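Visitor: I should like a close look at a single part of this protein, namely its largest pocket. Which residues line the largest pocket, and which are the closest to its centre?

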Amino acid sequence: MDLERFRLRRFLESLPPEELQRVEEPIALADVAAIHDGNPKAVWFRQAGGAALAANVTASRSRLALAFGTTPGNLLAEVRARLARPQKIVEMQSAPAQEVVERQPDLTALPVHLQHTFDGAPYISASMDFTRDGERTNIGIRRLMLRGRREAGVDLNAPSDLRAIYQAAVGRGDRVPIAFVVGSHPVDHVAAAMRLPGDELNLMAALRGEDLPVVKCLTNDLRVPADAEYVLEGYLDERGYAEPEGPYGEFLGYYGALKTNPVFHLTAITRRRDAVFQAATISGATLARTDTAQLNAIRAEVAVWRAVEAAVSEVTAVHATPSGGGAFNVRVALRQGSPGEARAAIDAVFACPVHVKHVFVVDHDVDVFSAEAMDWALATRFQAARDLVVRDGFRPMPLDPSLRGRTVASKAGFDLTLPLGERKGIDSRTPEPPRYEGRRFRSVAAALADGPKFFVELMSARGSRDGREIVREVDALRASGTLERDAEGRYVYRPAPPAR
Ligand SMILES: Cc1cc2nc3c(=O)[nH]c(=O)nc-3n(C[C@H](O)[C@H](O)[C@H](O)COP(=O)(O)O)c2cc1C
């Protein structure tokens, strides 16, 4: 198996200059955040705090698309296609991720920086957690707040499979063995951010589109990708929600408060010899340039597509805007098969498992990736009293600051579709610059004798490169009383019947 293909270092090397900023000179950890925060590129520090560090790797749709070998517009289709093709898990006896083994491990020897002004401490932010739930491996992405050489805080407040696994273990008085992988290919991050039923190692393999090489950790029984850069092995202790964690600049662009959270204990670090550590941009003033929003968006798009697909004739596009955090504002395009499908789509999105707050449903002719096209549809196809669907009482996303203490959330659906079959003739066409095509005639009268014509067709009929002389010819016919207009606006020639 190729254990280089899905390693972070290879992906960084493959990025073109417009996607990657290289920082070659050694840099202090105190200066790292200001460089990656809001940066449209991934950043590769050769030496930050003494080690190689990459940031922002998954913080753009174009980089995610490169990781999947496709275009940004086709990313969702590629992800969906891969999810439908299972791959195998292959256990290795030795692995690049274990080239170096630290049995006296030290979190404070890793290149971990302070990300936002009021954060409680430096955070490991691109840490992908592996745990077991019976035979099933659960994977997520969870931040770690450094609290010492062997101890870190983990935020487990939001509903997640890991939270359920942890709460059940605490109920039994048990620890939860856990391994955090730091330094991964973007495809693995997309897999980790998803929450689908089943073993999530299988999900990761499917998204890679290849068999997934895994290796057993050295101080617990967990299996992690054998081609990872770093693995932090350890456990969450049995005390439950026991220690203060936070504040932290959160993924919605606000600080999350100090919380009480579980504690991670480090038992070993394994890594590649030339390992690259990784940081994720989580918050800031430009959410669209964060890893969190981009990963949330693709995860939301998969869930929304599945929900809407079951409710309407044909979904043609789904886009969750990363500037809103990647799940709250979602756009759906449909090819309607029967009246009322836009409302069915809205209801399906309300009910789907991601926290969508606002869904905008358009016809397939509107580009869901274009803010301009969406604004046009909202401006010209929407009547608030008729087309706005507002509901309340939904499961909230606890970090949503607009809740202001409410325990249920409201949602809005914007039906920006046109009633099925309403537009006919030129009403159904987008105004575009004219194209001059069709048969030539010796006069405007001869062209019109052939049948009604639009002005553009009269210009084409006469081979006109100007148009004003056609106005004069048309005017002459009008003066002779032989010209009319039909309902579409075409010119119609009605010569007087010959005199008897
Ligand atoms: C970059 C990033 C960081 C994240 N950090 C956290 C976190 O610290 N705590 C948390 O509960 N969820 C966090 N999430 C969300 C979870 O990783 C995500 O909901 C995941 O699907 C949960 O997996 P699970 O339900 O299988 O446990 C983060 C997501 C991303 C993309």
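Guide: What follows describes the largest pocket and then turns to the second largest pocket and to the cysteines. The model is predicted, and every value given here is computed from it.

The largest pocket holds about 1200 Å³ of space. Its lining is made up of 50 residues, and I141, A158, A193, N296 and R299 are the closest to the centre. Several elements contribute at least two residues each to this lining: the strand β8 (136-141) and the helices α5 (161-172), α6 (186-193) and α8 (291-309). Of these, α8 provides the largest share, with eight residues. In chemical terms, the lining of the largest pocket comprises 25 nonpolar residues, 14 polar residues and eleven charged residues.

The second largest pocket offers a point of reference, with about 680 Å³ of space. Here 20 residues form the lining, and those closest to the centre are R429, P434, R435, F454 and V456. The lining of this second pocket consists of eight nonpolar, four polar and eight charged residues.

As to the cysteines, the structure contains zero disulfides. C217 is classed as buried because its relative accessibility is 7%, under the 20% cut-off. C352 has a relative accessibility of 3%, which is also under 20%, and therefore counts as buried.

Notes:
Residues are numbered from 1 along each chain as its sequence is written. This is a predicted model: local features need pLDDT of at least 70, side-chain atom pairs count only at pLDDT 80 or more; totals for chains, interfaces and linings use all residues. Side-chain values use heavy atoms; hydrogens and water are left out. On a 1 Å grid over the protein atoms alone, a cavity is a set of points where a 1.4 Å probe fits but cannot get out, and a pocket is an open set with protein on both sides within 12 Å along at least five of seven lines; lining residues have an atom within 4 Å of a point. Grid points are joined across faces, edges and corners, and a volume is the space filled by probe spheres set on the points. Helices (H or I, at least four residues) and strands (E, at least two) are DSSP runs, numbered from the N terminus. Ala, Val, Leu, Ile, Met, Phe, Trp, Tyr, Cys and Pro count as nonpolar, Asp, Glu, Lys and Arg as charged, and the others, Gly among them, as polar. A disulfide is a pair of cysteine sulfur atoms within 2.5 Å. Buried means under 20% relative accessible area, exposed over 50%, partly exposed in between (1.4 Å probe, protein chains only).
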